[in-house]
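Dear colleague,

I am passing on the structure we spoke about, together with some notes on its sheets and the helices that go with them. Please read the notes with the structure open beside you.

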Amino acid sequence: MRIRFLTLLLLLFLSVTGIQAAEGNQSVDAAPAPNPAQRMQLSSLTQRLSDLEKESGDGNIWTKIYSSYRTYQELKKRQDWLVGEIFRLKKKKKLSEEEAKRLEAYQQERQTNVGKLQLLSEFQEDPFKKLLEPPKIEEPPTIGNPFGIISAISYLKKLQGDQQAYEESFQTLQSTIRQLQEERKVLNEMLHFQPASRELRERLLQIDKEIEVLRPTYEIFKTTRDVYNKKIDEIRLKLNEEIKREIEKAATIGGIILFLFILFLIFKHLVRRYLSDKESFYTINKVSNFLFITVTVLTLLFAYIENVNYMVTILGFASAGIAIAMKDWFMSLMGWFVIVLGGSIHVGDRIKVVRNGTEYVGDVVDISLLKMTIQEDITLTTYMHNRRAGRIIFVPNNYVFTDMIANYSHAGLKTVWDGIDFNITFDSDASRAAQIAKEVAKKYSKGYTDITRKQLNKLRSSYHLKNTNVEPRVFSFIEEYGVRVSVWYLTNAFATLTLRSTISSEILERIKAEPAIALAYPTQSMYLARPIPSPAKREEKIEEDEQKRGEA
């Protein structure tokens, strides 16, 4: 718009001066017609002014805001004039037709200007206030852990972006004032060739007013910018120091944890190399893992929690809440300490757990913080009660406080007492039956007997053992249908059924070969036509039968 105006102004000037020179009617106060050299210089100044206006007008926020501000002032001035004219015309008693039309036009224009003024109301006073206000500086983040470094770096990048945008706005204002000053200089040079040009003088007056408005704004902006930059520099310096300190702290803690981890690996390697007992290695490995994790967590807590007393208070309340709301979980954790530190149960032990009248027998395959994991095996319990085996059973650690847990292989003992019962008739040779049972049991359990004797001798230093008899034992009891013979022997805790089957088969074969021994079971005898035989007559009949078999 400005370029077209200046171009038309220059053409109009050249045409008017040419006509005046041709007609010879040049006025006395007009300037003499420029010569060709002056015309070239004037054309160059016009082009220069056009370039400056183009640079200051393309996307220049300051020029646009000032233009809106100037438009508002002109509309306000026009509105005040319209109000005065409308008031004057309405005050007349009688209006002419022309005055009535003029009054109507003024009223319509005033109504239109009201909407325009409302749209431009933000430019009424201090139009550059929003641009002068620096970006809001948020509260700097507190760097208390390595994750805070990321937040601090992000915060610094945001500050840098806000500072850069604010600096660009300041540079734009500075450049705008410089361009306006350059335009004023060009206009003054153009007035040297056209001192009577009204358009140039009006344009020069507008630029002076714009510079007059922008210069105080520039001074305020400069002061505000300096204060804002100082705050940014202070925050940046403080955060950089905190980031450096936190990096050094994290590196120190990382080095400590790395050192502990290396010691942990060396310890596990030495244990694996020099400890032959797999069960002991498993327990030591579990405890060392727990200790390493605990030490690492405590190191991190004490490193990144400033108020240790506050932490202890919180942990106290948290522990009380956990103990009430999560009693079973807490008791399982305490049970883990009892199991691991007490040494009553180890991985690899065979145990029996009784819960709600149901028995589970199996081998411990894992002991975690909350539960024991056992693998159910085929045992006498599964044979007589469950009729199921091979299941994986999870036993909460708190069962050590509330339920019965029997260990079949505690303190190195690998054997248990097992018993076989069988019934013989009242007239059978009970002594001979007991002797056979004891011989068979002693024959097959001799190896386990020797092992148990050695193990019990080792346990004398830890336990007060009174009964250390490890030889097979036989007991005879009078029952309802005969004499019950009960033989007890030591067997492998992990293979009771195998030896039980072997001994049972051998005893059965030996009993069958004895004519004076008959196995008893619930039976009834009825004597109708002949008297009940006495035990003496029966023995005589047995002797006669033996003599007949010998003669034969």
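Which residue in β5 does V353 stand opposite? The residue is I405. Please keep in mind throughout that this is a predicted model.

That residue pair belongs to strands β1 (residues 350-355) and β5, which run antiparallel and are joined by four bridges. Both strands are part of an open sheet of five strands, which is paired in the antiparallel sense and follows the order β4-β3-β2-β1-β5. At its edges are β4 (392-396) and β5 (404-407), each of which pairs on one side only. Within this sheet, neighbouring strands are turned against each other by 40° on average when the direction is ignored.

There is also an open sheet of three strands, likewise with antiparallel pairing, in the order β6-β8-β7. Because β6 (415-424) and β7 (473-478) stand at the edges with a single partner strand each, one side of each has no neighbour in the sheet. From one strand to the next, the twist averages 25°.

In this second sheet, 10 bridges link β6 with strand β8 (residues 483-492) in an antiparallel pairing, and F422 stands opposite V485 in β8. Helix α14 (residues 496-512) packs on the sheet, where it touches β6 and β8, and its direction makes about 30° with that of β6. Helix α13 (residues 430-459), for its part, lies across β6, β7 and β8 and runs at about 20° to β8.

With best wishes

Key. Residues numbered from 1 in each chain as written. Predicted model: local features only at pLDDT ≥ 70, side-chain atom pairs only at ≥ 80, totals over all residues. Heavy atoms only, no water. Pairing = 2+ DSSP bridges. Helix = DSSP H or I, 4+ residues; strand = E, 2+ residues; numbered from the N terminus. Axes fitted to C-alpha atoms, helices over the stretch in contact; angles between N-to-C directions. Contact = heavy atoms within 4.5 Å.
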